[in-house]
Amino acid sequence: MKSSEKITSAQKPMTSWLASLGAAFGESKAVQVLGGLLVLQLLVAGGLLWRSSSQADFAPVAQLVSVDPATVDEVVIEDGEERIVLSYSDDQWRLDDQYNTPASADKVKQLVADVAALKPGLPVASSSASHQQLDVSESQFQRRVTFKADADAVV
């Protein structure tokens, strides 16, 4: 045997396994058909996965909420137990607490601008039962932010 023809002991099991697989695949029509179906299924599954991962079909085209940040004069943040109200009056944002504490105007404006710029993602739930299940309904929620303009809820 020449040195290039020598097969190491680690390669023998792999070579014999591949040889037997090649022999079975070449001899049996059923194995060929099933192998072809497997390849076809893998191609279809890959195509569907590639198509579903493309977000171009679900690209948001509009804003999630329609609010003009310049008109907002009150922000209400609540979680069912506690409620924080930020009010804009006399050119100053203030907490509606017993001390009428001033709030950072830049941070409140940034909050309103960020929410106004939100774009919707993929739809998750649209029924009222699913809204309650996800804790985003009017009566059952984890947290809720409401923007008001002239005492009317904008969002």
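Two strands are taken as paired if DSSP finds at least two bridges between them. Helices (H or I, at least four residues) and strands (E, at least two) are themselves DSSP runs, numbered from the N terminus. By these criteria E74 has K148 in β4 as its bridge partner.

The structure is a predicted model, in which local features need pLDDT of at least 70 and side-chain atom pairs count only at pLDDT 80 or more, while totals for chains, interfaces and linings use all residues. Residues are numbered from 1 along each chain as its sequence is written, and side-chain values use heavy atoms, with hydrogens and water left out.

**Overall arrangement**

The protein contains 4 helices and 5 strands. Read from the N terminus, the order of elements is α-α-β-β-β-α-α-β-β. Of the 155 residues in the protein, 14% are buried; buried means under 20% relative accessible area, exposed means over 50%, and partly exposed lies in between (1.4 Å probe, protein chains only). The accessible surface of the protein is about 12200 Å², and carbon and sulfur atoms account for 58% of it. Areas of this kind come from the Shrake-Rupley method with a 1.4 Å probe; for residues, only the protein chains shown count as cover. Among contacts in the protein with a separation of 6 or more, 48% are between residues 24 or more positions apart, a contact being heavy atoms within 4.5 Å.

**The sheet**

The 5 strands make an open sheet with antiparallel pairing, in the order β3-β2-β1-β4-β5. Strands β3 and β5 (152-153) are at the edges and have a single partner strand each, so one side of each has no neighbour in the sheet. Strands of a sheet pair through backbone hydrogen bonds, either parallel or antiparallel.

Strand β1 (residues 74-78) is joined to strand β2 (residues 83-89) by 5 bridges in the antiparallel sense. The β1 and β4 pair is also antiparallel, over 5 bridges. Between β4 and β5, which run antiparallel, there are 2 bridges. Individual partners are listed below.

| Residue | Partner | Strand of partner |
|---|---|---|
| I77 | I84 | β2 |
| E74 | K148 | β4 |
| E78 | R144 | β4 |
| K148 | A153 | β5 |
| A149 | D152 | β5 |

K148 thus appears as the partner of E74 and is itself partnered by A153 in β5.

Two hairpins occur in the sheet. The β1 and β2 hairpin has 4 residues between its strands, and G80 in the turn has a positive phi of about 100°. In the hairpin of β4 and β5, 2 residues separate the strands, and the turn residue D150 has a positive phi of about 55°.

V145 lies in strand β4 and is partly exposed, with 38% relative accessibility. Its C-alpha atom is separated by 6.6 Å from that of E78, although the two residues are 67 residues apart along the chain. Leaving out residues up to four places away in sequence, V145 touches V75, V76, I77 and V155.

**Core and surface patch**

In soluble globular proteins, nonpolar side chains tend to be buried together. A nonpolar core is here a set of buried Ala, Val, Leu, Ile, Met, Phe, Trp, Tyr and Cys residues joined through side-chain atoms within 4.5 Å. The largest such core has 12 residues: V65, V67, V72, V75, L86, W93, A103, V108, V112, V115, A116 and F147. Helix α3 (residues 105-116) contributes the most to this core, with 4 residues. V65, apart from neighbours within four places in sequence, is in contact with V115, A116 and V155.

On the surface, V33, L34, L37, L40, V44 and L48 form a nonpolar patch whose accessible area together is about 580 Å². Patch residues have over 30% relative accessible area and no salt bridge; like charges are joined within 9 Å, and nonpolar side chains (Val, Leu, Ile, Met, Phe, Trp, Tyr) within 5 Å. A salt bridge is a side-chain nitrogen of Lys or Arg within 4 Å of a carboxyl oxygen of Asp or Glu. L40, one of the patch residues, is located in helix α2 (residues 29-53).

**Loop residues with positive phi**

N100 is not a glycine, yet has a positive phi of about 55°. N100 is in the loop between β3 (92-95) and α3 and is partly exposed, at a relative accessible area of 39%. D135, also not a glycine, has a positive phi of about 60°. The loop holding D135 runs between α4 (128-133) and β4 (144-149), and D135 is partly exposed, at 23% relative accessibility.
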